[in-house]
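Me: I am new to this structure. Can we go through it in short steps?

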Amino acid sequence: MATRLNTTVSLTDPADVLAAVPHMLGFHPTDSLVVLTLHDVASTPKFGVTLRTDLPCSMKLCGFGERLLSGPLSRQRVEGVVLVVVGTEPHAEACDDNCAGACRRPLLNGPDADGAGTGPPHADLIDVLRDSFERAGIVLVHALWAPEIQAAAPWQCYSEPECSGEIPDPKSSPVAAALAATGAVTFGSRDELRALVAPESPEAVARWSAKLDVLAEERMDTDDPHRVARDVQLVLAAVQRAANGSALTEDDQLRVLLAVSDTRVRDIALSTALGETAGAAEELWLTLVRRAPAAELPEVAALLAFSAYVRGEGALCNAALERIEQTQPDHHLGTLLRQAVDTGLPPTDLAVIARDAAEDARIVLAEDGAW
C-alpha cells in the first residue's frame, strides 16, 4: 500500500520506526513480514510504499524474495528497504501440506556473538531476502524483529546483538499524531478491519434484500429511457448531501445501492473518490457494504475498495476486495483492483483510470441519447 501520510515526520531510531508500522499499515500486524521501501537512500531516505505479507514457514523460503520483487515491489523503483518481522511463528495460513515438497531451511534463529542460536527468530528469512535484494541492487538498510508492536514490547536487530530495546507506545508515535489529524484510524488487528466491512447482521441484510426487490419491481414497471442519467444524478446528489452534513434516510440509501448496481452508474461514481466529497462518499459506500445483499454487494464494495486505495488505505481496500471475492470471485472490477494492489500500482495511476472510466461511461450515455 502507499503511505497514508501526506506530511513529513522524521523517524531516526529503530524503535520509532517500529512504533510507526501499525499506522503505516492501518492495523497492528501479527505473524507478519513488513517491508518498508525507501527512496533517496544516498541522501535523506524517504519511505515509499509499505508491504505486509504473512510470515512464511521455513520450508517455503525458496524464491520468496523473488516473488516479492516480481510483485508489488517491481513497480516502485526501490533503492532500499527496512524489513520488520513481527511474531515468532509462521502465519497459520502460510503453512500447509504443500510445504512437504518445498525447499527446507531449518534455521529459525540467528547466531549470537558466541555462535549459539539465540538471536531473533526467522533469521533464515532475512538471509534469503538479503540475498534477493542485493542481487536486485536494493540495499537492506535495517532488519528488525519484535514479537508484537505494542508499548514496552522488546525488539532486536538482526545484524547486531547489542542493537535492541523496547518499543515506545505506538499511540504516542509522531506518525500516529499526524494521521489522527487527518482523521485516519489505525485498527488493533486485521480482523478488526474485516469486521468493519462485515455484514451488519443477517436480519438487516434480509430486510434490505426484501426492500430492494420491491424497488426493483417498481423500476421494471416503468420504461424510462433516461433512467441511468437519473440514477447518476441521484447518486451524486446523495453524496453531496452527505458531504453537507445531511443524513440520508434508509430509502435514500436503498435507492443509491440499487443505482450503483448498474456498472455504468458505478463507473461514474468512481470519480467521487477524487474530489472534495471523497470522505462522504466513502462513508456512504461503507454503510451500504455492511447492509448490501449478495446480489448488490460487489459494485458498492468495489467503490469502497477504489476509494480506500486512492487514499492510501491499502488495508481497507483489501478488506473490501475480500468481500467481493467471497461473493463473486470473477467480478471484473474487483479483479482489476486486486491486480492493482498485487502489482503495487500507484494510487495516482488508479485515479487516472477512474477519470477515464467515468468519462467513457458519460460518452456511452450521451451516445445512447439518455444522458
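Reply: We start with one residue: at 61% relative accessibility, R135 counts as exposed. Exposed means over 50% relative accessible area, buried under 20%, and partly exposed in between (1.4 Å probe, protein chains only). This is a predicted model, where local features need pLDDT of at least 70, side-chain atom pairs count only at pLDDT 80 or more, and totals for chains, interfaces and linings use all residues. Residues are numbered from 1 along each chain as its sequence is written, and side-chain values use heavy atoms, leaving out hydrogens and water.

Me: Which residue forms a salt bridge with R135?
Reply: A salt bridge puts a side-chain nitrogen of Lys or Arg within 4 Å of a carboxyl oxygen of Asp or Glu. For R135, the closest N and O atoms are 2.6 Å apart. The partner is E66.

Me: Is E66 buried, partly exposed or exposed?
Reply: The relative accessibility of E66 is 35%. That makes E66 partly exposed.

Me: How many residues apart in sequence are the parts that R135 and E66 tie together?
Reply: Helices are DSSP runs (H or I, at least four residues), numbered from the N terminus. R135 lies in helix 3 (residues 123–135) and E66 in helix 2 (residues 64–70). So the pair ties together parts whose separation in sequence is 69 residues.

Me: What is the N to O distance between D127 and R130?
Reply: Both residues are in helix 3, about one helical turn apart. Their side chains meet in a salt bridge. The distance is 3.3 Å.

How values were computed. Helices (H or I, at least four residues) and strands (E, at least two) are DSSP runs, numbered from the N terminus.
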